[in-house]
Amino acid sequence: MLHETLRNKYEMVIGLEVHCQMKTRTKLFCSCPNNFGDAPNTNVCPVCLGLPGALPVISREAVTLALRAALATGCTVHETSIFSRKNYFYPDLPKGYQISQYDRPYATDGRVEALEADGTAKTVRLERIHMEEDAGKLLHEGYPWSKDMSGVDLNRSGAPLIEIVSKPDIRSAQEAHAYLTALKAILVYADVSDCNMEKGSLRCDANVSVRVRGAEAFGTRAEIKNLNSFRNVARAIEYEYERQVALVEAGHKVVQETRLYRADKDETASMRSKEDAHDYRYFPEPDLPPLVIDAAWRGDTLAALPELPSAKRARFVAEYGIPHYDAAVLTLTREVADFFEEVAKGSGNGKAASNWVMTEVMREMKGRESSEGDVSYSSLPIKPSALAELIRLIDTGAINGKTAKDVFSRMWTSGESPKAIVEREGLSQVSDTGAIEAAIREVIASSPEQVATYKKGRTNTIGWFVGQVMKKTGGRANPKIVNDLVKTALDAA
Amino acid sequence: MAEIQDKLLTHIATLARLSLSEAETRSLAHDLAEILKYAASLESLDLTGVPPMSHATEGERFRPDEPTHDLTREQALANAPDQDAGLFRVPQVIGG
Ligand SMILES: [Zn+2]
């Protein structure tokens, strides 16, 4: 761990480059299926194999999805943009170049509102978004010949990507995490991508440098690759920050280079093999005309955008009176937001809906996900309408809060309606003062010592009496009524 | 000049993963210089106010988002110098 004084002396400067695979049915420049997980080299054609004479033709749907991403992040969309060739040689790139956008990308100058766990808001500006095709996949292990050969699967070659480049606005690993979370939420809401890091549909590289706090000039940056989870992004940034601070403190210079993050060792290591490869000799792609996105296309796409996380967040705060942080958690995905909103509407109690979804529902979800993998809210045994009914049962005093937790667990296992459970198990709250008074009389009669203590002015013993009465009524008595009646009875005793 | 040409050519060859003999380097450097000289004749034109053109044709073509299978795996791999288990097989590459 870096000493606090050094941490205070040096500031972290981070820019993130996020590659996002868009969920079109076909690849960017050919009609091959854009599918993850199919048998190797079954979704290939002359275009994505780079066979001589094959010509790329762009998918209109891919441009629409890219456009959605740009509009959802407040980017300026350029009417004319140009594809360029990025030249390098690697076995996963059959043409010897990647079709990308270089000096004239389709979108620039956006912004993403990130929200940290402590509720701090942070705006990260976007430098640009550009479209490009993906490379194939190299397989380094799992075959008898893996010791000295590599396999190449070109199913992913030509898959449609957007690269989202942030400005160096990020100042901590937490901010990086918050930015990625917010960006992912936007891309998922806007239906651009499923943003599944395990499947590689979201990938992240980080540019990290350090500078003495207050300095204006940026330090030399290192580019960290191979960050395959939000957690690893945060850890790699933290490691790299400490490495660079140690270098600078020892009077050395940070070298501009590409470094690979190794999760197993939690460290970054120089990738010397690629140092020479930064000379990509970009030039305009002669096989594709300039891309023109006219005002009508842009307008239609903008009009079709769903409510985005930041707007939904603000609306939840205003409409349901819940805290900003809760609203942020409840809008991470459209699914959870819709679930919450149905509960809030159905129960007429936004705060209770938020509490139940954020604690009980999300906890059960987590448990389920750790044993079953991805779980969708629509497949849960508890429907939003049933949870709303449960909240109404509490609010109308039919059951108390403690009983409600039990009913919730029964609903989770059986999928029954809360009313049915309450009726069958006889769980409804006892608000009948006669029954409660009877219980109070019994408790007072059998506890002369405690009554004496109360009479000496130790009025806080009232809690003990309430507890006894609750026990006698099987936890079903209305705690407020018990409290009032115990006080009256003790004062009269 | 000649030395710069050689250096540039060696750099380009490295990027293209080509190894050239000294004689090849010299001869290609000469050819490259000729090509660049020819292209440089464009610079004699006064192009003030002319926007850069990235493509010779106007208008565009879009493809519908309808998947097709144009090649079988056997066809895709038919010309590969080496293959196994449905994969193209290449000398081992590490990293990136
Ligand atoms: Zn293809």
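Biologist: What makes B:Leu42, B:Leu45, B:Leu47 and B:Val50 a nonpolar patch on the surface?

Modeller: In this predicted model, the four residues together offer about 400 Å² of accessible area. Membership requires over 30% relative accessible area, no salt bridge, and nonpolar side chains joined within 5 Å. B:Leu42 has a relative accessible area of 56%, and that residue therefore passes the 30% threshold.

Biologist: Why is B:Leu42 called exposed, and where is B:Leu42 found?

Modeller: The term exposed applies over 50%, and B:Leu42 stands at 56%, so the label holds. The residue belongs to the loop between helix 2 (22–40) and helix 3 (73–77) of chain B.

Biologist: How do you know which protein atoms are donors of the zinc ion?

Modeller: A donor must be an N, O or S atom within 2.8 Å of this metal. The SG atoms of A:Cys30, A:Cys32, A:Cys45 and A:Cys48 lie 2.3 to 2.4 Å from the zinc ion, so they qualify. Along the chain, their spacing reads C-x1-C-x12-C-x2-C. Within this set, A:Cys32 and A:Cys48 link distant parts of the chain, 16 residues apart, although each is in the loop between strand 1 (10–21) and helix 2 (60–72) of chain A. Both A:Cys32 and A:Cys48 are buried.

Biologist: What is the geometry of the site of the zinc ion, and why does it receive that name?

Modeller: For four donors, tetrahedral demands that all angles lie between 85 and 135 degrees. The 4 donor atoms here give angles of 98 to 117°, so the site is tetrahedral.

Biologist: How do you know whether strand 1 of chain A is covered on one face or on both?

Modeller: Buried means under 20% relative accessible area, and 12 of the 12 residues in strand 1 of chain A are buried. One side carries A:Tyr10, A:Met12, A:Ile14, A:Leu16, A:Val18 and A:Cys20, while the other carries A:Glu11, A:Val13, A:Gly15, A:Glu17, A:His19 and A:Gln21; both faces are thus covered.

Biologist: How do you know which strands pair with strand 1 of chain A?

Modeller: Pairing requires at least two bridges. Strand 1 of chain A has 11 bridges to strand 11 (residues 202–212) of chain A and 5 bridges to strand 10 (residues 160–166) of chain A, so both connections meet the criterion. Each of these pairings is antiparallel. A:Gly15 faces A:Asn207 in strand 11 of chain A, and A:Cys20 faces A:Ile162 in strand 10 of chain A.

Biologist: Which strands of the 9-stranded open sheet are called edge strands, and why?

Modeller: The order is 2-6-7-10-1-11-12-13-14 in chain A, with mixed pairing. Strand 2 (76–77) and strand 14 of chain A each pair on one side only, which is what marks an edge. At one end, 4 bridges connect strand 13 (residues 257–262) of chain A with strand 14 (residues 267–270) of chain A in antiparallel fashion. The hairpin of these two strands has 4 residues between them, and A:Asp266 there takes a positive phi near 50°.

Biologist: What makes strand 4 and strand 15 of chain A a pair?

Modeller: The minimum is two bridges, and 2 bridges join strand 4 (residues 83–87) of chain A to strand 15 of chain A, so the requirement is met. One partnership matches A:Arg85 with A:Phe283. The open sheet concerned has 3 strands in the order 5-4-15, with antiparallel pairing.

Biologist: Why do A:Asp134 and A:Arg156 count as a salt bridge?

Modeller: The rule asks for a Lys or Arg side-chain nitrogen within 4 Å of an Asp or Glu carboxyl oxygen. The N to O distance in this pair is 3.3 Å, so it qualifies. A:Asp134 lies in the loop between strand 7 and strand 8 (137–139) of chain A, and A:Arg156 in the loop between strand 9 (149–153) and strand 10 of chain A, so the contact ties together parts 22 residues apart in sequence.

Biologist: Are A:Asp134 and A:Arg156 buried or partly exposed?

Modeller: With the limit for buried set at under 20%, A:Asp134 at 5% is buried, whereas A:Arg156 at 27% is partly exposed.

Biologist: What makes A:Glu240 and A:Arg243 a salt bridge, and where do they lie?

Modeller: Their closest N and O atoms are 2.7 Å apart, against a limit of 4 Å, so the pair counts. Both residues lie in helix 4 (residues 230–249) of chain A, 3 residues apart, about one turn of the helix. Both are buried.

Notes
Residues are numbered from 1 along each chain as its sequence is written. Chains are lettered from A and ligands numbered from 1 in the order in which they are written. This is a predicted model: local features need pLDDT of at least 70, side-chain atom pairs count only at pLDDT 80 or more; totals for chains, interfaces and linings use all residues. Side-chain values use heavy atoms; hydrogens and water are left out. Patches are made of residues with over 30% relative accessible area and no salt bridge: like charges are joined within 9 Å, nonpolar side chains (Val, Leu, Ile, Met, Phe, Trp, Tyr) within 5 Å. Accessible areas come from the Shrake-Rupley method with a 1.4 Å probe; for residues, only the protein chains shown count as cover. Buried means under 20% relative accessible area, exposed over 50%, partly exposed in between (1.4 Å probe, protein chains only). Donors are N, O and S atoms within 2.8 Å of the metal (3.2 Å for Na, K and Ca); water is not among the atoms, so sites may look incomplete. Four donors count as tetrahedral if all angles lie between 85 and 135 degrees; four count as square planar and six as octahedral if opposite donors are over 155 degrees apart and all others between 65 and 115; anything else is irregular.
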